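Here is a short tour of the protein chain in front of you, written for reading beside the 3D view. Keep the model open and click along as the residues come up.

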Amino acid sequence: MGAADAVPGVSGGTIALVTGIYERLIAAITAVSPARIRAVLFGFLPGRREDAVDALRAVDAGFLLVLGAGILTAIVTITRVVHVGIQDFPVLTFGFFFGLIAASAWVLFSEVAVDTLPRAAAAVAGFVLAFVVSGQAAATLGDGLPVTVAAGAIAVSAMILPGISGSLLLIILGQYEYMTGTLSAFVDALLALATGGPTAPIWEHGAVVVAFVAGAFVGLFTIAHAVRAALERARTATLAFLVALIVGALRAPVARTGGQLAELGRSWTPTAIAAFVAAAVVGAVLVVLLDHYTGIGEIDGDA
């Protein structure tokens, strides 16, 4: 799940479905509540231990802890590779992302019927929102801590959405490169500290990482629950909105490639376009093969 969420395209929620842990994950996430968190935090007080144990069992804490460790390990590893790719090979990296996103949208759209006015309206809204935000609007957000908190809250909602990855949402918001670079710098600072390095980089980059994680926790209690409620009340319309969001997000890899090329003093050339297309084909083929063998696009809806 961590590897899937580290790159835009196939989501961690999809991997959870394929591996058969999706329902358990959703039950555990939605069982987390402020009251149960308080019970755990005050479990060291006399007479409160039993309440803490009950709360941990209710949220399936052992499962979440092991799963979280695996996700964190994969994210830290994969994002370091991706960050290098973005910096040094933007055309190939974003081309690969484009293929992943495009194929995911095609696979999921084949399972979503946009045959009513509300569903069509939801699809148009999703496409327009992602297309607009993926352009220049993303640059206006900046990279302050409040934006990081909001990005974490939005990205975590992808945990319960088969087909939408947290990294795709970060790309739409223009925060993907910033967060992968910050996470890599934070890990490097921690490793340097072990050999006598300075602590200043840890505090600098750690503040951003903590802000993102804090936003993720906020998202668990707000956005994730709101999305789940929308899926329960109007599943197909919600899925139409989300899949159209993926289509609109196709603007992001192209825009990010152009921006990165400009920073490197380069521009789009026939060779660069060919490389982008080739990388996109590779990404698309991987998603199509994954769908063929696992059925990741088999989402049903009756609302």
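pLDDT is the predictor's confidence in each residue, on a scale from 0 to 100. The protein chain averages a pLDDT of 84, and 92% of the residues score at least 70. This is a predicted model, in which local features need pLDDT of at least 70 and side-chain atom pairs count only at pLDDT 80 or more, while totals for chains, interfaces and linings use all residues. Residues are numbered from 1 along each chain as its sequence is written, and side-chain values use heavy atoms, with hydrogens and water left out.

Helices here are DSSP runs (H or I, at least four residues; strands are E runs of at least two), numbered from the N terminus. Among the elements of the protein chain, helix H5 (residues 49-58) has the highest mean pLDDT, 91, and helix H2 (residues 12-19) has the lowest, 73.

**Annotated spans**

The unreviewed UniProt entry lists several stretches as "transmembrane region", including residues 58-83, 234-252 and 272-290. UniProt positions are given in the numbering used here, feature names are shortened, and annotations may be inferred rather than shown by experiment. In the model, residues 234-252 are 84% helix and 0% strand, with end C-alpha atoms 28 Å apart. Residues 272-290 are 100% helix and 0% strand, and the end C-alpha atoms of that span lie 27 Å apart.

**Helices H6 and H14**

The expected span of a helix is 1.5 Å times one less than its number of residues. Helix H6 (61-88) has 28 residues and should therefore span 40 Å, which agrees with the 40 Å between its end C-alpha atoms. For the 14 residues of helix H14 (residues 235-248), the expected span is 20 Å, and the end C-alpha atoms are 20 Å apart, which agrees too.

Burial is judged by relative accessible area: buried means under 20%, exposed over 50%, and partly exposed in between (1.4 Å probe, protein chains only). In H14, 11 of the 14 residues are buried, so this helix is largely enclosed by the rest of the structure. Among them are Thr-236, Leu-239, Val-243 and Ile-246. The buried residues of H6 include Phe-63, Leu-67, Ile-71 and Ala-74. An α-helix has 3.6 residues a turn, so residues three or four places apart point the same way. What do the buried residues of H6 pack against? Counting contact as heavy atoms within 4.5 Å, they pack against helix H1 (2-6), helix H3 (22-31), H7, helix H11 (176-193) and helix H15 (251-263).

**Cores and a buried threonine**

A nonpolar core is a set of buried Ala, Val, Leu, Ile, Met, Phe, Trp, Tyr and Cys residues joined through side-chain atoms within 4.5 Å. The largest one has 46 residues, of which Phe-97, Ile-172, Tyr-176 and Ile-246 touch the most other members. Helix H7 (residues 90-109) gives the most to this core, with nine residues. Apart from it lies another core, of 13 residues, among them Ala-16, Ile-26, Ile-29 and Ala-216.

Thr-148 sits in helix H9 (residues 145-156) and counts as buried, at 0% relative accessibility. Leaving out residues up to four places away in sequence, Thr-148 touches Asp-143, Tyr-178, Met-179, Val-208, Ala-211 and Phe-212.

**Salt bridges**

A salt bridge is a side-chain nitrogen of Lys or Arg within 4 Å of a carboxyl oxygen of Asp or Glu. By this rule the count comes to five, including these:

| Acid | Base | Closest N and O atoms |
|---|---|---|
| Asp-60 | Arg-24 | 2.6 Å |
| Asp-188 | Arg-80 | 2.8 Å |
| Asp-51 | Arg-48 | 4.0 Å |

Asp-60 lies in the loop between H5 and H6 and Arg-24 in helix H3, so this pair ties together parts that are 36 residues apart in sequence. Both partners are partly exposed, Asp-60 at 21% and Arg-24 at 46%. Asp-60 also has a positive phi, near 55°, in a residue other than glycine.

Asp-188 lies in helix H11 and Arg-80 in helix H6, so that pair links parts 108 residues apart in sequence. Asp-188 is partly exposed at 36% relative accessibility, and Arg-80 is partly exposed at 31%.

**One more close look**

Val-288 is in helix H16 (residues 270-294) and is partly exposed, at 35% relative accessibility. The C-alpha atoms of Val-288 and Ser-104 are separated by 7.9 Å, although the two residues are 184 residues apart along the chain.
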